[in-house]
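The following exercises are to be worked through with the sequence and the structure at hand. Each task is followed by a solution in steps.

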Amino acid sequence: MTKRDVLVALQALVPNRYVGLLAGAALAVSMRRGASIGLEHPMLRFADGPVLPASAFGPSAHAVASFVGLMAFWAIVAGALAVAAPALAPRGPYEPLRQRVRQRVRQWPARLGVGGRRRALAVAGAAVVAGGWTLFQTTIAADFETAEAQLAWRADYERAYARLDGAPEPRPVALAATVDLRPEAQEADVAGTLRVVNRAAVPIDTVWVTVRRDLDLGALTLDGVAPARSDARFGMHAFARALAPGDTAALAFRVGVRSRGWSADGGDRSVVGDGTYLTSMRVVPEVGYLSSYEVEDARERRRLGLPPKSEAPPEPAPVATVMTLDLTVSTAPGQTPVAPGDLRQSWTEDGRPHARFVTEAPVTPVFGIASARYERHAVEHEGVTVEVYAHPDHGANVPRMLHAATTSLDVLGAAWGPYPHPTLRIAEVPAGWRFAAFAFPGLIAFTEDRGFLTDPSDADRLDLISRRVAHEVAHQWWGHTARPTGGPGDVFLVETMAKYGEQKVIRALHGEGQVARLVAYDRDRYAWGRAEAAGPEPPLAAVVDQPHLYYGKGAVVMNGLHGLLGEGTLDQALASLMRTDRRISPDDWREAIRAAAPPEARALVDDWTRRVVLYELAVERATVVPRADGRFDVSVALHAARTEGGRSLPLHEVLEVGLYDADPTGGSAPLAVHAVRVRTGSTVAQIVSDVRPAFVAVDPFVRRVDVDPSDQVAPSGRERRRSTPCA
Ligand SMILES: [Zn+2]
């Protein structure tokens, strides 16, 4: 309705009908795509407001206030234009707009009369007040900042403080904090003490602390002393506290999370009426310089006059930063607070539920806190309490999640060492977060739409819920036990190994056939990502931020190593990397895997992770001849090649050939799988089979990275070529 009014008004104001139509189209584009063409402020995008996500937890109060406020403002704008347009519309011979306005405005007072003038004045006054209030809420109250201003802020931060990067700084070892959530007000107060210790071999004379600038900072002291200087623009605080090697100090802080003004994107959704999900990264002060604030994009850095980021990995800290947690969380009546660690005590005070969570063993210094009107589902499993906290109406997938979680604990624990916590919690968080799930030590945040509301009833589809649970549980080892040094390849150690964990759990739950389908999906992800990626592809063990490599290609490579080394040997090698005394690097991984691999497989370990090697595998022809003994002679003509950057590499490997009674592209499982030694070019394999196969496929379990260019257009076409009906 309001949009139509504005389009009519545009037609009235613009001298030419077609220009008016064009202006209308531009307006429509600005409504949804305005931010991407530089119209970032909500008052520049007609009738734009937060999209309230479909969620059983309901929208946040901030999103509702923003939506109602912005829509009311735009309704007034549309109404004012609707009134003004008829008065300004061209009548009779053409006059330019400016002349029209001047003339009509001069005529108005007489036409309106005294009462009309008063009414017009009142309407104009209301419009000014509404506009002013909207401007205040969207700009000052909301701390509005354009993307360009944010970039400038990041660049200035780096210019001012990059000198601190790499300087010795104390490390956090223990956090004790109370987190008081007030979901109804979208507020939280966090007060705590972070104990830090100088682990460096040299004394530290100044301790720098960063507090996120969107927090209300109530108090900040180090051993009871306020900062010697503070830089409010960047939230940087310097304490003149000398710490000799081994010295500890207590950083006490009090910060508040507040809902601010109105925003077109719905604003911060950490603390909401129902379905709070607040992370430590959001509220806990950090020691030292934060390189995560830096501008990453190379072109933007050049434009802002920043030096190019060095390719060299940062000097790795030999010991990972870990700390113990002692968290007391309180929340609104009717809600359940969830945090990582042992639940020591829970009680109600002033009607508000309180709970104290303690981690005995030091953990990766990140945690999440959730609070909602949850229903708790739990099983005791081999000494671990496995819990799922879900919306009361979202119980359908919970049994599957619990089963996947306990299977993951069994399978991954047997492979890589015991699960390190007494509890494993899965907490549902509202739809709209940009991840499917996120793993903290002992706690997994799992989104409503991508876990709890997924329909798993279609038996033909991949078991994505179990796969996601397995992936996040695998991070309890990869990321939270084995911790990477940081730098190129750290996502290989964290994400690719978690992908391998998925495969292990899906194999235990559903068998090898589902693993093959899972890996085929990951291979296609690599094929698509590779087609779109810019620049040369880095080796897998040096990957930085390309998900199609560390998820997609990595899954195929790990499945290949599983075939090459055998599951037991591979897992033993991986278990040797679960070190708490130091961080691990891709070189450590290589050393462990190569030491476990048979000599002839060692070169392949390097080919797959330190070079960029592709395979081309095809079944050219397959024939079946019945034998006198009732069995069948199957002759398979294979074509195989390996390339690196377009250059041919020799190939001499044992590959698998699967025999099928139906087209395997339909998802059927092989009748039998035979190992065949294959060389570059053509190989004819002679197989004696107990059953008569209708189809033959090379590499049926997707253990080699084979990206035929035609795959990228129609994956099933390549499958057909790779599996040939038997003559
Ligand atoms: Zn992951």
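Helices here are DSSP runs of H or I of at least four residues, numbered from the N terminus. The model is a predicted one.

**Exercise 1.** Determine where Ser-585 lies and whether Ser-585 is buried or exposed.

*Solution.* Step 1: locate the residue between its flanking helices. Ser-585 belongs to the loop that joins helix H14 (567-575) to helix H15 (586-596). Step 2: apply the cut-off, by which buried means under 20% relative accessible area. The relative accessibility of Ser-585 is 16%, so Ser-585 counts as buried. Step 3: list the contacts. With neighbours within four places in sequence left aside, Ser-585 contacts Thr-485 and Leu-493.

**Exercise 2.** Describe the largest nonpolar core and state which domains give residues to this core.

*Solution.* Step 1: the core has 95 residues, and Trp-416, Trp-478, Leu-574 and Trp-589 have the most contacts inside it. Step 2: helix H8 (residues 398-416) supplies the largest share, 10 residues. Step 3: because domain 3 (490-610) and domain 4 (613-725) both give residues to this core, the core lies between them. Step 4: examine Trp-478. Not counting residues up to four places away in sequence, Trp-478 touches Trp-416, Leu-493 and Leu-574, among others.

**Exercise 3.** Give the strand order of the open sheet of four strands and identify the edge strands.

*Solution.* Step 1: the order is E5-E6-E3-E9, with antiparallel pairing. Step 2: strand E5 (229-231) and strand E9 (286-287) each pair on one side only, and are the edge strands. Step 3: strand E3 (residues 207-210) pairs with strand E6 (residues 236-239) over four bridges; Thr-210 is opposite Met-236 in E6.

Definitions and conventions:
Residues numbered from 1 in each chain as written. Predicted model: local features only at pLDDT ≥ 70, side-chain atom pairs only at ≥ 80, totals over all residues. Heavy atoms only, no water. Pairing = 2+ DSSP bridges. Helix = DSSP H or I, 4+ residues; strand = E, 2+ residues; numbered from the N terminus. Buried < 20%, exposed > 50% of the residue type's maximum accessible area, 1.4 Å probe, protein only. Contact = heavy atoms within 4.5 Å. Core = buried A, V, L, I, M, F, W, Y, C linked by side-chain atoms within 4.5 Å. Domains from an automatic or database assignment.
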